[in-house]
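Q: Please take a close look at the metal site in this model. Which residues hold the ion, and what surrounds them?

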Amino acid sequence: MGNEENPKQSDPFVVVLDAGHGGKDPGNLGNGYREKDIALNVVLKIGEELEKYPNIKVLYTRKTDVFVDLFERGKIANKAKADLFVSVHCNSHRSQAYGTETFVLGIHRNETNFEVAKKENAVIFMENDYESKYEGFNPNSPESAISIILGQEEYLDQSIMLASLIQENFTNKLHRNNRKVKQAGLIVLHQTVMPSVLVELGFLTNNAEGRYLNSTKGQNEMSDAITDAILKYKKAIDSNVEDLTLIGTHMEDDTEEDVLTVVNPDIEFKVQIAASSRDLITKPYNFKGLEGVTKTSENGLYKYYYGLTSDYNVIKTLEEEAKNKGYKTCFVVAFKKGEKIPLSEALKSTAN
Ligand SMILES: [Zn+2]
(Lines give C-alpha, C1' and ligand atoms only; values in the text may rest on other atoms or scores of the structure.)
Protein backbone atom coordinates (compact mmCIF):
# COMPACT_ATOMS: atom_id res chain seq x y z
CA MET A 1 0.00 0.00 0.00
CA GLY A 2 1.65 3.32 0.94
CA ASN A 3 4.95 2.17 2.33
CA GLU A 4 6.29 -0.45 -0.03
CA GLU A 5 9.96 -0.03 -0.68
CA ASN A 6 10.80 -0.54 -4.34
CA PRO A 7 8.58 -3.57 -4.74
CA LYS A 8 9.66 -3.85 -8.39
CA GLN A 9 13.29 -4.26 -7.47
CA SER A 10 12.81 -7.49 -5.55
CA ASP A 11 9.96 -8.96 -7.58
CA PRO A 12 11.11 -12.25 -9.04
CA PHE A 13 10.48 -13.09 -12.68
CA VAL A 14 7.59 -15.56 -12.50
CA VAL A 15 7.39 -18.34 -15.08
CA VAL A 16 4.41 -20.66 -15.20
CA LEU A 17 5.21 -23.98 -16.84
CA ASP A 18 2.28 -25.88 -18.24
CA ALA A 19 2.63 -29.56 -19.12
CA GLY A 20 -0.14 -30.32 -21.61
CA HIS A 21 -2.88 -32.85 -20.82
CA GLY A 22 -2.61 -35.26 -17.86
CA GLY A 23 -4.72 -37.75 -15.93
CA LYS A 24 -7.70 -38.99 -17.90
CA ASP A 25 -6.48 -36.97 -20.90
CA PRO A 26 -3.37 -38.67 -22.29
CA GLY A 27 -2.97 -36.24 -25.22
CA ASN A 28 -1.87 -37.90 -28.44
CA LEU A 29 -0.60 -41.47 -28.38
CA GLY A 30 1.41 -41.50 -31.61
CA ASN A 31 3.52 -44.65 -32.01
CA GLY A 32 2.36 -45.67 -28.53
CA TYR A 33 4.22 -42.78 -26.85
CA ARG A 34 2.27 -40.66 -24.42
CA GLU A 35 2.14 -36.91 -24.95
CA LYS A 36 1.13 -36.21 -21.34
CA ASP A 37 4.24 -38.00 -19.97
CA ILE A 38 6.72 -36.43 -22.39
CA ALA A 39 5.30 -32.94 -21.82
CA LEU A 40 5.53 -33.40 -18.04
CA ASN A 41 9.12 -34.71 -18.16
CA VAL A 42 10.24 -31.77 -20.30
CA VAL A 43 8.44 -29.22 -18.11
CA LEU A 44 9.95 -30.62 -14.90
CA LYS A 45 13.44 -30.43 -16.41
CA ILE A 46 12.91 -26.81 -17.52
CA GLY A 47 11.69 -25.96 -14.04
CA GLU A 48 14.63 -27.65 -12.35
CA GLU A 49 17.05 -25.52 -14.39
CA LEU A 50 15.17 -22.23 -13.97
CA GLU A 51 14.83 -22.75 -10.21
CA LYS A 52 18.62 -22.44 -9.94
CA TYR A 53 18.23 -18.70 -10.60
CA PRO A 54 17.31 -16.88 -7.38
CA ASN A 55 15.51 -14.10 -9.27
CA ILE A 56 13.25 -16.53 -11.13
CA LYS A 57 10.19 -18.13 -9.56
CA VAL A 58 8.75 -21.21 -11.22
CA LEU A 59 5.17 -22.40 -10.90
CA TYR A 60 3.62 -25.48 -12.45
CA THR A 61 0.05 -26.12 -13.55
CA ARG A 62 0.73 -29.77 -12.74
CA LYS A 63 3.74 -31.68 -11.43
CA THR A 64 2.16 -35.11 -11.56
CA ASP A 65 -0.12 -37.14 -13.81
CA VAL A 66 -3.37 -35.34 -13.01
CA PHE A 67 -6.13 -33.77 -15.08
CA VAL A 68 -6.19 -29.97 -14.98
CA ASP A 69 -8.69 -28.13 -17.12
CA LEU A 70 -7.57 -25.35 -19.47
CA PHE A 71 -9.48 -22.71 -17.53
CA GLU A 72 -7.68 -23.66 -14.31
CA ARG A 73 -4.25 -23.52 -16.02
CA GLY A 74 -4.77 -19.90 -17.00
CA LYS A 75 -6.13 -19.06 -13.59
CA ILE A 76 -2.97 -20.37 -11.90
CA ALA A 77 -0.84 -18.09 -14.10
CA ASN A 78 -3.06 -15.05 -13.67
CA LYS A 79 -3.30 -15.43 -9.93
CA ALA A 80 0.49 -15.59 -9.68
CA LYS A 81 0.74 -12.45 -11.88
CA ALA A 82 3.21 -14.45 -13.95
CA ASP A 83 5.59 -12.79 -16.39
CA LEU A 84 5.48 -15.71 -18.76
CA PHE A 85 3.32 -18.75 -19.52
CA VAL A 86 4.89 -21.65 -21.40
CA SER A 87 2.76 -24.62 -22.41
CA VAL A 88 4.47 -27.77 -23.68
CA HIS A 89 2.88 -30.30 -26.04
CA CYS A 90 3.66 -32.90 -28.70
CA ASN A 91 2.12 -33.00 -32.14
CA SER A 92 0.52 -35.79 -34.15
CA HIS A 93 -0.42 -36.30 -37.78
CA ARG A 94 -1.59 -39.13 -39.99
CA SER A 95 1.44 -38.56 -42.24
CA GLN A 96 5.12 -38.82 -41.26
CA ALA A 97 5.24 -35.03 -40.78
CA TYR A 98 7.95 -33.92 -38.34
CA GLY A 99 9.43 -30.78 -36.81
CA THR A 100 8.90 -28.25 -34.05
CA GLU A 101 6.56 -25.29 -33.99
CA THR A 102 5.71 -22.71 -31.37
CA PHE A 103 2.34 -21.02 -31.21
CA VAL A 104 1.22 -17.63 -30.04
CA LEU A 105 -2.44 -16.74 -29.86
CA GLY A 106 -3.76 -15.24 -33.05
CA ILE A 107 -5.90 -15.75 -36.08
CA HIS A 108 -5.00 -19.07 -37.63
CA ARG A 109 -3.50 -18.43 -41.02
CA ASN A 110 -4.43 -21.73 -42.61
CA GLU A 111 -6.20 -25.03 -42.19
CA THR A 112 -3.18 -26.78 -40.62
CA ASN A 113 -2.95 -24.34 -37.74
CA PHE A 114 -6.64 -24.72 -37.11
CA GLU A 115 -6.19 -28.50 -36.96
CA VAL A 116 -3.61 -28.10 -34.17
CA ALA A 117 -5.87 -25.70 -32.30
CA LYS A 118 -8.81 -28.08 -32.66
CA LYS A 119 -6.80 -30.98 -31.23
CA GLU A 120 -5.32 -29.04 -28.33
CA ASN A 121 -8.63 -27.34 -27.54
CA ALA A 122 -10.70 -30.55 -27.68
CA VAL A 123 -9.85 -31.36 -24.07
CA ILE A 124 -12.54 -28.95 -22.88
CA PHE A 125 -15.13 -31.56 -23.83
CA MET A 126 -13.73 -33.63 -20.94
CA GLU A 127 -14.25 -30.80 -18.49
CA ASN A 128 -17.36 -30.28 -16.41
CA ASP A 129 -19.52 -27.34 -17.32
CA TYR A 130 -17.28 -26.25 -20.18
CA GLU A 131 -20.07 -24.38 -21.95
CA SER A 132 -20.42 -21.76 -19.26
CA LYS A 133 -16.69 -21.56 -18.53
CA TYR A 134 -15.72 -20.84 -22.12
CA GLU A 135 -18.86 -18.89 -23.03
CA GLY A 136 -20.11 -21.15 -25.76
CA PHE A 137 -16.74 -21.68 -27.37
CA ASN A 138 -16.80 -24.52 -29.89
CA PRO A 139 -13.37 -26.00 -30.65
CA ASN A 140 -14.64 -27.38 -33.95
CA SER A 141 -15.60 -24.00 -35.34
CA PRO A 142 -13.01 -21.72 -36.98
CA GLU A 143 -15.20 -18.69 -36.18
CA SER A 144 -15.04 -19.58 -32.51
CA ALA A 145 -11.25 -19.77 -32.73
CA ILE A 146 -11.11 -16.24 -34.16
CA SER A 147 -13.37 -14.89 -31.44
CA ILE A 148 -10.95 -15.81 -28.66
CA ILE A 149 -7.86 -14.03 -29.99
CA LEU A 150 -8.87 -10.67 -28.60
CA GLY A 151 -7.23 -9.96 -25.29
CA GLN A 152 -3.81 -11.44 -25.90
CA GLU A 153 -2.93 -8.83 -28.53
CA GLU A 154 -1.31 -6.65 -25.94
CA TYR A 155 1.27 -9.36 -25.28
CA LEU A 156 1.67 -10.51 -28.86
CA ASP A 157 5.06 -8.91 -29.55
CA GLN A 158 6.61 -10.42 -26.44
CA SER A 159 5.00 -13.79 -27.06
CA ILE A 160 6.39 -13.79 -30.58
CA MET A 161 9.82 -12.83 -29.26
CA LEU A 162 9.91 -15.81 -26.89
CA ALA A 163 8.48 -18.14 -29.54
CA SER A 164 11.19 -16.99 -31.98
CA LEU A 165 13.94 -17.61 -29.43
CA ILE A 166 12.63 -21.11 -28.76
CA GLN A 167 12.38 -21.98 -32.45
CA GLU A 168 15.83 -20.52 -33.07
CA ASN A 169 17.34 -22.78 -30.38
CA PHE A 170 15.54 -25.87 -31.69
CA THR A 171 16.81 -25.14 -35.17
CA ASN A 172 20.34 -23.85 -34.60
CA LYS A 173 21.37 -25.87 -31.54
CA LEU A 174 19.47 -29.09 -32.10
CA HIS A 175 18.92 -29.03 -35.87
CA ARG A 176 15.27 -29.92 -35.52
CA ASN A 177 13.08 -29.25 -38.53
CA ASN A 178 11.78 -25.70 -38.13
CA ARG A 179 8.04 -25.43 -38.69
CA LYS A 180 8.31 -21.87 -37.35
CA VAL A 181 6.38 -19.54 -35.12
CA LYS A 182 2.68 -19.72 -35.82
CA GLN A 183 -0.57 -18.21 -34.68
CA ALA A 184 -3.64 -20.18 -33.72
CA GLY A 185 -6.76 -19.87 -31.58
CA LEU A 186 -5.59 -21.90 -28.60
CA ILE A 187 -7.85 -21.67 -25.57
CA VAL A 188 -5.12 -22.26 -23.01
CA LEU A 189 -3.27 -19.17 -24.30
CA HIS A 190 -6.44 -17.14 -24.31
CA GLN A 191 -6.99 -17.68 -20.59
CA THR A 192 -3.80 -15.89 -19.60
CA VAL A 193 -3.04 -12.16 -19.26
CA MET A 194 0.71 -12.25 -19.92
CA PRO A 195 3.05 -13.21 -22.78
CA SER A 196 2.22 -16.85 -23.53
CA VAL A 197 3.40 -19.51 -25.95
CA LEU A 198 2.56 -23.12 -26.69
CA VAL A 199 5.44 -25.30 -27.83
CA GLU A 200 4.87 -28.37 -29.98
CA LEU A 201 8.08 -30.33 -29.42
CA GLY A 202 7.57 -32.50 -32.47
CA PHE A 203 5.45 -35.34 -33.83
CA LEU A 204 5.07 -38.52 -31.81
CA THR A 205 3.52 -40.05 -34.93
CA ASN A 206 6.81 -39.66 -36.80
CA ASN A 207 8.89 -42.77 -36.13
CA ALA A 208 12.27 -41.07 -35.61
CA GLU A 209 10.97 -37.94 -33.92
CA GLY A 210 8.66 -39.92 -31.63
CA ARG A 211 11.58 -42.08 -30.52
CA TYR A 212 13.74 -38.99 -29.94
CA LEU A 213 11.10 -37.17 -27.89
CA ASN A 214 10.43 -40.26 -25.81
CA SER A 215 14.16 -40.63 -24.98
CA THR A 216 15.95 -39.06 -22.02
CA LYS A 217 18.47 -37.49 -24.41
CA GLY A 218 15.72 -35.91 -26.48
CA GLN A 219 13.87 -34.63 -23.45
CA ASN A 220 17.06 -33.18 -21.94
CA GLU A 221 17.99 -31.41 -25.17
CA MET A 222 14.53 -30.00 -25.78
CA SER A 223 14.19 -28.74 -22.22
CA ASP A 224 17.66 -27.14 -22.32
CA ALA A 225 16.74 -25.34 -25.55
CA ILE A 226 13.53 -23.97 -24.02
CA THR A 227 15.26 -23.00 -20.75
CA ASP A 228 17.95 -21.10 -22.66
CA ALA A 229 15.30 -19.27 -24.70
CA ILE A 230 13.44 -18.22 -21.54
CA LEU A 231 16.69 -16.86 -20.07
CA LYS A 232 17.44 -14.94 -23.27
CA TYR A 233 13.93 -13.56 -23.25
CA LYS A 234 14.27 -12.39 -19.66
CA LYS A 235 17.54 -10.68 -20.49
CA ALA A 236 15.99 -8.87 -23.45
CA ILE A 237 12.99 -7.75 -21.38
CA ASP A 238 15.24 -6.56 -18.53
CA SER A 239 17.36 -4.41 -20.85
CA ASN A 240 14.31 -2.94 -22.59
CA VAL A 241 12.85 -1.93 -19.26
CA GLU A 242 16.03 -0.01 -18.49
CA ASP A 243 15.75 1.83 -21.79
CA LEU A 244 12.12 2.71 -21.17
CA THR A 245 12.94 4.04 -17.72
CA LEU A 246 15.57 6.29 -19.24
CA ILE A 247 13.20 7.68 -21.82
CA GLY A 248 10.76 8.46 -19.02
CA THR A 249 13.43 10.27 -17.03
CA HIS A 250 14.45 12.37 -19.98
CA MET A 251 10.91 13.39 -20.79
CA GLU A 252 10.43 14.77 -17.31
CA ASP A 253 13.72 16.61 -17.51
CA ASP A 254 13.28 20.31 -18.36
CA THR A 255 16.83 20.66 -19.64
CA GLU A 256 16.37 17.93 -22.24
CA GLU A 257 16.11 20.38 -25.14
CA ASP A 258 19.39 22.08 -24.25
CA VAL A 259 21.32 18.88 -23.66
CA LEU A 260 20.33 17.19 -26.88
CA THR A 261 21.12 19.83 -29.46
CA VAL A 262 24.38 18.33 -30.71
CA VAL A 263 23.88 15.84 -33.52
CA ASN A 264 26.29 12.94 -33.87
CA PRO A 265 26.16 11.67 -37.47
CA ASP A 266 27.32 8.18 -36.38
CA ILE A 267 24.10 7.74 -34.42
CA GLU A 268 20.80 7.19 -36.10
CA PHE A 269 17.37 7.09 -34.49
CA LYS A 270 14.26 5.32 -35.67
CA VAL A 271 10.80 4.90 -34.19
CA GLN A 272 9.90 1.24 -33.73
CA ILE A 273 6.19 1.10 -34.46
CA ALA A 274 5.57 -2.65 -34.52
CA ALA A 275 7.06 -6.11 -34.26
CA SER A 276 5.29 -9.06 -35.77
CA SER A 277 5.73 -12.49 -37.27
CA ARG A 278 3.93 -11.13 -40.33
CA ASP A 279 6.02 -9.98 -43.25
CA LEU A 280 4.16 -6.87 -44.39
CA ILE A 281 4.86 -4.74 -47.44
CA THR A 282 6.09 -1.38 -46.14
CA LYS A 283 3.49 0.69 -47.94
CA PRO A 284 1.55 3.45 -46.17
CA TYR A 285 -1.74 1.49 -46.42
CA ASN A 286 -0.30 -1.18 -44.12
CA PHE A 287 0.88 1.39 -41.56
CA LYS A 288 -2.00 3.76 -40.95
CA GLY A 289 -0.75 6.08 -43.67
CA LEU A 290 2.84 6.46 -42.42
CA GLU A 291 5.28 6.87 -45.32
CA GLY A 292 8.78 5.47 -45.63
CA VAL A 293 8.40 2.62 -43.13
CA THR A 294 11.38 0.25 -43.11
CA LYS A 295 11.70 -3.25 -41.72
CA THR A 296 14.29 -5.68 -40.40
CA SER A 297 13.93 -9.40 -39.87
CA GLU A 298 15.41 -11.39 -37.02
CA ASN A 299 14.51 -15.01 -36.20
CA GLY A 300 11.21 -14.74 -37.99
CA LEU A 301 10.31 -11.57 -36.15
CA TYR A 302 9.82 -8.52 -38.33
CA LYS A 303 10.40 -5.10 -36.83
CA TYR A 304 8.91 -2.05 -38.46
CA TYR A 305 10.40 1.42 -38.14
CA TYR A 306 9.27 4.91 -38.96
CA GLY A 307 11.75 7.70 -39.62
CA LEU A 308 15.52 7.81 -39.82
CA THR A 309 17.50 10.74 -38.47
CA SER A 310 20.55 11.60 -36.36
CA ASP A 311 18.62 14.37 -34.65
CA TYR A 312 16.93 13.21 -31.45
CA ASN A 313 14.52 16.18 -31.49
CA VAL A 314 13.35 15.23 -34.97
CA ILE A 315 12.81 11.59 -34.01
CA LYS A 316 10.80 12.66 -30.95
CA THR A 317 8.51 14.60 -33.29
CA LEU A 318 8.15 11.57 -35.56
CA GLU A 319 7.42 9.38 -32.53
CA GLU A 320 4.65 11.80 -31.56
CA GLU A 321 3.26 11.59 -35.08
CA ALA A 322 3.28 7.76 -34.99
CA LYS A 323 1.51 7.83 -31.63
CA ASN A 324 -1.15 10.14 -33.01
CA LYS A 325 -1.70 7.71 -35.88
CA GLY A 326 -2.47 4.99 -33.37
CA TYR A 327 0.91 3.38 -32.59
CA LYS A 328 0.43 4.10 -28.91
CA THR A 329 3.27 1.89 -27.70
CA CYS A 330 5.89 2.91 -30.28
CA PHE A 331 9.30 3.96 -29.02
CA VAL A 332 12.61 5.41 -30.19
CA VAL A 333 15.52 3.05 -30.88
CA ALA A 334 19.12 4.01 -31.62
CA PHE A 335 21.69 2.59 -34.02
CA LYS A 336 25.41 3.20 -34.29
CA LYS A 337 26.80 2.35 -37.72
CA GLY A 338 23.85 0.08 -38.30
CA GLU A 339 24.14 -1.75 -34.96
CA LYS A 340 21.37 -1.34 -32.42
CA ILE A 341 22.63 0.28 -29.21
CA PRO A 342 20.87 1.20 -25.97
CA LEU A 343 19.12 4.54 -26.24
CA SER A 344 20.88 5.73 -23.09
CA GLU A 345 24.26 5.24 -24.78
CA ALA A 346 23.09 7.08 -27.91
CA LEU A 347 21.81 9.99 -25.87
CA LYS A 348 25.13 10.25 -24.05
CA SER A 349 27.08 10.50 -27.28
CA THR A 350 24.70 13.02 -28.83
CA ALA A 351 25.02 15.19 -25.73
CA ASN A 352 28.81 15.33 -26.01
ZN1 LIG B 1 -1.29 -31.45 -26.69
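A: What follows starts at the metal site and then moves outward through the chain.

This is a predicted model: local features need pLDDT of at least 70, side-chain atom pairs count only at pLDDT 80 or more, and totals for chains, interfaces and linings use all residues. Numbering runs from 1 along each chain as its sequence is written, and side-chain values use heavy atoms, with hydrogens and water left out.

The zinc ion first. Its donors are H21 (NE2), E35 (OE), H89 (ND1), E120 (OE) and E120 (OE), at 2.0 to 2.5 Å. A donor here is an N, O or S atom within 2.8 Å of the metal (3.2 Å for Na, K and Ca). Water is not among the atoms, so sites may look incomplete. Along the sequence, the donor residues follow the spacing H-x13-E-x53-H-x30-E. E35 belongs to helix α2 (residues 35-50) and E120 to helix α4 (residues 111-121), so this pair ties together parts that are 85 residues apart in sequence. Helices (H or I, at least four residues) and strands (E, at least two) are DSSP runs, numbered from the N terminus.

Now burial. E35 is buried, at 2% relative accessible area. E120 is buried too, at 7%. H21 counts as buried at 8%. Buried means under 20% relative accessible area, exposed means over 50%, and partly exposed is in between (1.4 Å probe, protein chains only).

H21 deserves a second look. The residue sits in the loop between β1 (13-19) and α2. Its phi is near 60°, a positive value in a residue other than glycine. Most residues other than glycine have a negative phi. H175 also has a positive phi, near 55°. This histidine lies in the loop between α7 (156-172) and β5 (178-184). H175 is exposed, at 65% relative accessibility, whereas H21 is buried.

Two of the zinc donors, H21 and H89, also turn up at the cavity. A cavity is a set of points on a 1 Å grid over the protein atoms alone, where a 1.4 Å probe fits but cannot get out; lining residues have an atom within 4 Å of a point. Points are joined across faces, edges and corners, and volume is the space filled by probe spheres set on the points. The count is 1 cavity of 30 Å³ or more. The largest cavity has a volume of about 70 Å³. Its lining has 13 residues, with H21, L70, R73, H89 and V123 nearest the centre. α3 (70-79) and β3 (84-91) each supply at least two lining residues. By class, the lining splits into 5 nonpolar, 4 polar and 4 charged residues. Ala, Val, Leu, Ile, Met, Phe, Trp, Tyr, Cys and Pro count as nonpolar; Asp, Glu, Lys and Arg count as charged; the others, Gly among them, count as polar.

Helix α2 leads to L40. L40 is buried, at 10% relative accessible area. Leaving aside neighbours within four places in sequence, L40 is in contact (heavy atoms within 4.5 Å) with A19, R62, K63, T64 and D65. The C-alpha atoms of L40 and D18 are 8.2 Å apart, across 22 residues of chain.

Next, Y98. This tyrosine lies in the loop between β3 and β4 (100-105). Y98 is partly exposed, at 46%. Beyond four places in sequence, Y98 touches N177, R179, F203, N206 and E209. The C-alpha atoms of Y98 and N207 are separated by 9.2 Å, with the two residues 109 apart along the chain.

Helix α10 (residues 216-252) carries K234. At 11% relative accessibility, K234 counts as buried. It touches F13, N55 and I56, not counting residues up to four places away. I237 is in α10 as well. I237 is buried, at 17%, and touches Q158 and M161 under the same sequence exclusion.

Last, the whole chain. There are 13 helices and 11 strands. Of the 352 residues, 49% count as buried. Among contacts between residues at least 6 apart in sequence, 77% join residues at least 24 apart. The accessible surface comes to about 17,300 Å², and 50% of that belongs to carbon and sulfur atoms. Accessible areas come from the Shrake-Rupley method with a 1.4 Å probe; for residues, only the protein chains shown count as cover.

Conventions. On a 1 Å grid over the protein atoms alone, a cavity is a set of points where a 1.4 Å probe fits but cannot get out, and a pocket is an open set with protein on both sides within 12 Å along at least five of seven lines; lining residues have an atom within 4 Å of a point.
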